[in-house]
Structures are given as structure tokens and as C-alpha cells.
Amino acid sequence: MVEVPTLAAHGLNMPALGFGTWELDEPTLDHILPHVFDIGYRHIDTAQIYRNESAVGRALASSGINRSELFVTTKVWVNRYEPHDLIASVHESLERLRVDYVDLLLLHWPVFEDHHMNPTLEGLMRAKADGLARHIGISNFNIDQTEQAVAFCGPDTLVTNQVEYHVYLGQEKLRRVLARQDLILTAYMPLAKAGVVNDTVLWDIGAQYDKSAAQVALRWLIEQDRVAAIPATTNPHHAKANFEIFDFSLSAEDHERIAVLDKHRRLCAPASLSPIWDD
Ligand SMILES: NC(=O)c1ccc[n+]([C@@H]2O[C@H](COP(=O)([O-])OP(=O)(O)OC[C@H]3O[C@@H](n4cnc5c(N)ncnc54)[C@H](OP(=O)(O)O)[C@@H]3O)[C@@H](O)[C@H]2O)c1
């Protein structure tokens with residue numbers, strides 16, 4: 001079985017490659033997750049709003065894999081941000097996921113009443129203190145919000161900001177800030193929602209290693225310092241291909257060719273949830 005490298009930050013050990021589950025409904029997950037675990041994935045990313053935590057829980061329970069080998073992330077939805085309700089919502093998630101704790105608990109979007117994030121951050125820290133989550137973090141926070149959150153929680157508390165990141169969205173400014181704060185960048189939409197799969201530059205690079213454009217796009221992410229990627233697929237063959245990225249390396253020249261693909265192309269920016277982005 002391939003050993004997936006792990007990322008470390010503030011006591012965290014997160015597999016650098018995970019499996020995303022957004023838009024995968026329960027029957028789809030019932031079908032694909034057993035394949036996903038057989039392939040070797042141990043890191044699963046879900047969220048309350050995906051309405052599929054129960055299917056993830058079923059698959060975790062029937063996988064027979066030791067809890068300590070699994071890495072489960074969920075995210076609190078924005079309508080559960082009042083601190084007591086946040087804790088109640090995490091208990092509900094744990095019940096659906098059939099686990100006693102999640103490895104990582106995130107605030108899904110930076111949407112706070114009167115822009116006041118501190119009470120919600122207190123709730124998040126309470127979830128960790130109560131043992132409901134091993135680690136906590138944020139998602140979709142811009143630079144200013146990330147800095148505010150780190151300042152409030154303290155330097156060793158938040159482990160990641162999960163944001164959109166792929167070859168077409170370079171995230172240069174945010175990456176610099178996260179590196180300075182020693183936070184992992186968890187790259188969502190790492191395949192740009194399948195936008196990378198026909199990219200001729202990525203195919204050309206992949207031809208040197210007998211790899212596809214999608215595999216090059218994922219390899220490019222996980223070769224970077226403190227970057228994890230969580231691609232999603234409904235197709236077991238794609239899940240396997242996305243896992244086969246640990247037997248080759250990109251050259252400095254490959255990295256230079258990929259760097260110029262950055263088009264600041266953001267795919268996930270719902271008006272009611274998005275902060276003012278930094279790019
Ligand atoms: N925190 C947030 O706000 C947030 C927002 C968005 C996403 N996320 C997380 O990030 C995960 C990944 O993002 P995403 O699902 O939106 O986009 P993605 O992983 O970039 O792309 C998924 C798409 O790529 C296709 N695909 C996957 N592997 C492929 C391969 N090897 N060859 C060809 N096509 C392939 C899939 O189609 P097939 O099914 O046909 O393979 C699907 O259409 C989500 O599932 C979720 O867990 C988080």
C-alpha cells in the first residue's frame with residue numbers, strides 16, 4: 001500500500017491527499033467510498049451542508065479501518081455559528097459520522113453576525129477542548145480574516161485554512177500569509193472542477209512521466225510546502241488515478257511552466273458567503 005505523506009502543523013498529522021465529497025449524494029458515496037478506502041485513501045473531507053455525513057459514517061464504520069488511521073474533516077455550516085448551537089451541531093455531525101471525534105473541524109465560510117467572529121471562534125475552540133475535534137481550522141477566510149482569527153485563537157490553535165487552490169488560481173498572497181502563520185493550505189477544487197483535465201500544458205508535462213493532466217495538477221499541489229489536496233470524483237478509476245501521484249516528481253522546469261497557467265480564475269465565490277478576496 002502506498003504511503004501518503006503527512007503534513008504537520010501544531011501537532012496535526014494530516015495526509016496530504018484526501019477525498020472530497022461535495023455534491024456526492026449518499027447513494028454515490030455508498031458506492032464509491034469502499035473503493036476509496038481500498039485504494040488507500042484515509043483522509044475524507046465532508047461538511048454539514050453536504051448532507052452526506054451519514055453515508056460517510058456508514059462507510060467509515062464498515063471499512064474495518066482503525067479509527068486512529070483515519071482522518072475525518074467536517075465543517076460547521078454558517079447557520080450554526082452561535083457558540084452553543086455550534087457545539088450541538090458538532091454532536092449531530094459526530095452521530096451521523098459514527099465517530100467520537102473528528103480529526104479536523106472547520107468553520108465553512110467567514111459569515112458572522114455584525115462581522116464579529118470571536119464568539120464563533122470561542123465555540124470552535126470549545127469543541128476542541130471538549131474532545132469533539134482533535135484539530136480546528138477555518139475555510140474561505142481571506143488574509144485579513146485569517147490574521148484576525150489567528151490573533152484571537154493564539155498562534156498554535158488553528159491548523160489550516162481550506163480554500164480554493166489549483167493551477168488556474170495561484171493564491172500567492174494568501175499562501176505567503178499562511179506559511180508565515182504556519183498554517184496548512186488545504187486545496188479545494190484542486191482539479192478546478194475538472195477544468196484541468198484537458199489542459200495541453202499539463203498533458204505535455206505528464207507525458208514525460210506517463211501521467212495525466214489531472215495527476216500533474218495534483219502532484220503540483222502536494223509538492224508544495226504545507227499544501228494538501230482533496231479531489232472529488234464519482235468514478236472509482238479516477239479515484240485510483242488521483243491516488244497514483246506518489247511515484248514521480250515534477251522538475252523545476254515543470255513548475256515554471258505550471259506557474260504561468262495562473263489566470264486568477266476563481267470558481268467558487270457565492271455572493272452571500274464570499275469575503276472580499278485578496279486576488
Ligand atoms: N470549503 C469549501 O467551501 C469547499 C468548496 C468546494 C469544495 N470543497 C471540497 O473540495 C473537494 C473537491 O472539490 P470539487 O469536488 O468541487 O472539485 P474538484 O475535485 O476540483 O473536481 C471534481 C471534478 O473533477 C472530475 N475528476 C476527478 N478526478 C478526475 C480524473 N482523474 N480525471 C478526470 N476527471 C476527474 C470529477 O468528475 P468525475 O466524477 O467524473 O470523476 C468532478 O467533475 C469537494 O468535494 C469538497 O470536499 C470545499
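Glu 23 has a relative accessible area of 55% and is therefore exposed. In this predicted model, the side chain of Glu 23 meets that of Lys 193 in a salt bridge, with N and O 2.8 Å apart. Lys 193, at 46% relative accessibility, counts as partly exposed. Glu 23 sits in the loop between β3 and α1 (26–39), and Lys 193 in the loop between β9 and α7 (200–207), so the pair ties together parts that are 170 residues apart in sequence.

This contact is one of 18 salt bridges found in a search of the whole structure. As a general reminder, side chains of opposite charge can pair when their charged atoms come close. Another place to look is Arg 80, which takes part in a salt bridge with Asp 85 at 2.7 Å, N to O. Arg 80 also forms a salt bridge with Glu 92, where the closest N and O atoms are 3.0 Å apart. Glu 92 belongs to helix α3 (residues 83–97), whereas Arg 80 lies in the loop between β5 and α3, so this pair links parts that are 12 residues apart in sequence. Both acidic partners of Arg 80 can be placed by their accessibility: Asp 85 is partly exposed, with a relative accessible area of 25%, and Glu 92 is partly exposed at 33%. Elsewhere, Glu 26, Asp 30 and Arg 58 are joined into one network by salt bridges that share partners.

Turning to the overall fold, the protein chain has 10 helices and 10 strands. Eight of the strands make up an open sheet with parallel pairing, and their order is β3-β4-β5-β6-β7-β8-β9-β10. The edges of the sheet are β3 (19–20) and β10 (227–229); each has a single partner strand, so one side of each is left without a neighbour in the sheet. Helix α8 (residues 213–222) packs on this sheet, where it touches β9 (184–188) and β10, and the direction of α8 makes about 150° with that of β10. Within the sheet, β5 (residues 71–76) pairs with β6 (residues 102–107) in the parallel sense over 4 bridges. For anyone following this pairing on the structure, Thr 74 is a handy residue to find, as it stands opposite Leu 105 in β6.

What of the cysteines? A disulfide is a covalent bond between the sulfur atoms of two cysteines. The structure holds 0 disulfides. Cys 153 counts as buried because its relative accessibility is 9%, below the 20% limit used for that class. Cys 268, at 12% relative accessibility, likewise counts as buried.

The dimensions of the chain complete the picture. For 279 residues, a compact globule would have a radius of gyration near 19 Å, and the 18 Å computed for the protein chain agrees with this. The C-alpha atoms fill a box of roughly 55 × 40 × 35 Å, taken along the principal axes. Of the 279 residues, 56% count as buried. Contacts across the sequence can be summarised too: among those between residues at least 6 apart, 75% join residues at least 24 apart.

Technical notes. Residues numbered from 1 in each chain as written. Predicted model: local features only at pLDDT ≥ 70, side-chain atom pairs only at ≥ 80, totals over all residues. Heavy atoms only, no water. Disulfide = S-S within 2.5 Å. Buried < 20%, exposed > 50% of the residue type's maximum accessible area, 1.4 Å probe, protein only. Pairing = 2+ DSSP bridges. Helix = DSSP H or I, 4+ residues; strand = E, 2+ residues; numbered from the N terminus. Contact = heavy atoms within 4.5 Å. Axes fitted to C-alpha atoms, helices over the stretch in contact; angles between N-to-C directions. Salt bridge = Lys/Arg side-chain N within 4 Å of Asp/Glu carboxyl O. Rg over C-alpha atoms; globule rule 2.2 N^0.38 Å.
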